Amino acid sequence: MYDLAALETALRGSIFDDKLDYFATIDSTNTHALAQAHEGAPHGSVYLAGEQTAGRGRGGHQWHSRPEDGIYVSILVRPQLPADRSLWLSLIAGMAVKTAVAQAAKLEADIRWPNDVLIGGKKCAGILVESAFAGNAMRHAVIGIGLNLNHENFPEPLSETATSLRLASGHLQLREHVLLNLLTALEQELAALNSGDDVLARFTGASTWVQGKPVSVAEEEGYTGVTCGLNPQGFLQVETAHGVRTVRSGGVRPSEL
Ligand code: BTN
């Protein structure tokens, strides 16, 4: 159980002030947040769960949401963002998690485009952004974050590819502390986005995956190449034997070239 009173107090004066909803058990905080968005819930609403019974990941995958071990949170935002920049939200969310991991757990994380957060090559956090549009403008978006905190192990087949802050640091992590660092970092990222910050340049500096990384891309027939930057929408560019390709949705993995 979170210390909700301490969280509420620490969030005073932030965009999340008086907007925290906690569920001991829920199917998916993202599903709930999307429903609340349609009901008119305000920018900065936070939906936090102790456990999810149907946590959702990108690409239709499930998100392993064991009780108490992880942070399972969805944040509803209503940014002024043109539809063709919606991916920027995914990028800033990844940078916020990276910052929180550095500040709270003193660990250096990498971001695998668009927003898998890795420590030592293993995934410690995943982000699912789900957006709704009105014409060419974003109406709202839900930023769903699953952060592996105090897991001592993972079920198969995750054990090869997943890690937690506890496993990486050797220390138990205080959920309130990490969550507050995360929300603070996200508020700063949203403010930067609003003030015209060069998100793409910052993301390029924050991730080793954007430039010069040999990768394989699991899209349609699949292909390999070397990453060569982001396009203006934030999509990853990959130089292949047949020219530069833009990664739209596929998973990107390291490859031996
Ligand atoms: C991924 O596939 O890497 C994204 C995982 C996102 C999981 C989080 S946990 C909180 C929120 N609620 C969900 O159902 N999914 C996201």
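**Exercise 1. Which side chain meets that of Arg56 in a salt bridge?**

Solution. In this predicted model, the partner is Glu130, and the N to O distance between the two side chains is 2.8 Å. To place the pair, note that Arg56 belongs to the loop between β2 (45-52) and β3 (70-77), while Glu130 belongs to strand β6 (residues 122-134), so that the salt bridge links distant parts of the chain, 74 residues apart. The next step is to compare the surroundings of the two residues: Arg56 is partly exposed, with a relative accessible area of 32%, whereas Glu130, at 18%, falls under the 20% limit and is therefore buried.

**Exercise 2. Describe the salt bridges of Asp69 and Arg112, and state how many salt bridges are counted.**

Solution. The count comes to ten salt bridges. One of them joins Asp69 to Arg66, with the closest N and O atoms 3.1 Å apart; here Asp69 is buried at a relative accessible area of 17%, and Arg66 is partly exposed at 25%. Another joins Arg112 to Asp116, where the closest N and O atoms are 2.9 Å apart, and in this case both residues are buried. A further step shows that Arg112 and Asp116 belong, together with Lys123, to a network of salt bridges. Arg112 also lies over the face of Trp209, at 5.8 Å from the ring centre.

**Exercise 3. Find the aromatic pairs and classify each by its geometry.**

Solution. A search of the whole structure gives two aromatic pairs. Tyr2 and Tyr22 have their centres 5.8 Å apart and their planes at 70°, an edge-to-face arrangement. This pair bridges distant parts of the chain, since Tyr2 sits in the segment before α1 (4-10) and Tyr22 in strand β1 (residues 20-26), 20 residues apart; both Tyr2 and Tyr22 are buried. For Trp113 and Phe235, the ring centres are 6.4 Å apart and the planes stand at 55°, so this pair is tilted. Trp113 lies in the loop between β4 (110-112) and β5 (116-119), and Phe235 in the loop between β9 (223-230) and β10 (236-240), which puts them 122 residues apart. Trp113 and Phe235 are likewise buried.

**Exercise 4. What surrounds Glu176, and which side chain of opposite charge is nearest to Glu176?**

Solution. Begin with the position of Glu176, which is in helix α5 (residues 175-194). Glu176 is buried yet has no salt bridge, and the nearest side chain of opposite charge, that of Arg175, is 5.6 Å away; this distance lies outside the 4 Å cut-off for a salt bridge. A polar atom of the Glu176 side chain does, however, lie 2.6 Å from the backbone nitrogen of Asp3. Beyond neighbours within four places in sequence, Glu176 is in contact with Met1, Tyr2, Asp3 and Leu7.

**Exercise 5. Is Glu152 buried or exposed, and which residues does Glu152 touch?**

Solution. Glu152 is in the loop between β7 (137-148) and α4 (165-169), and its relative accessibility of 53% means that it counts as exposed. Leaving out residues up to four places away in sequence, Glu152 touches Arg66, Arg166 and Leu167. With Arg166 there is a polar contact of 3.5 Å between the side chains. Finally, the C-alpha atoms of Glu152 and His171 are 10 Å apart in space, with the two residues 19 apart in sequence.

Note on methods: Residues numbered from 1 in each chain as written. Predicted model: local features only at pLDDT ≥ 70, side-chain atom pairs only at ≥ 80, totals over all residues. Heavy atoms only, no water. Helix = DSSP H or I, 4+ residues; strand = E, 2+ residues; numbered from the N terminus. Buried < 20%, exposed > 50% of the residue type's maximum accessible area, 1.4 Å probe, protein only. Contact = heavy atoms within 4.5 Å. Polar contact = N/O pair within 3.5 Å; in protein donor to acceptor, adjacent residues only side chain to side chain. Lys, Arg positive; Asp, Glu negative; His and termini not counted. Phe/Tyr/Trp six-rings, centres within 6.5 Å; stacked < 30°, edge-to-face > 60°. Lys NZ or Arg CZ within 6 Å of the ring centre and 35° of its normal.
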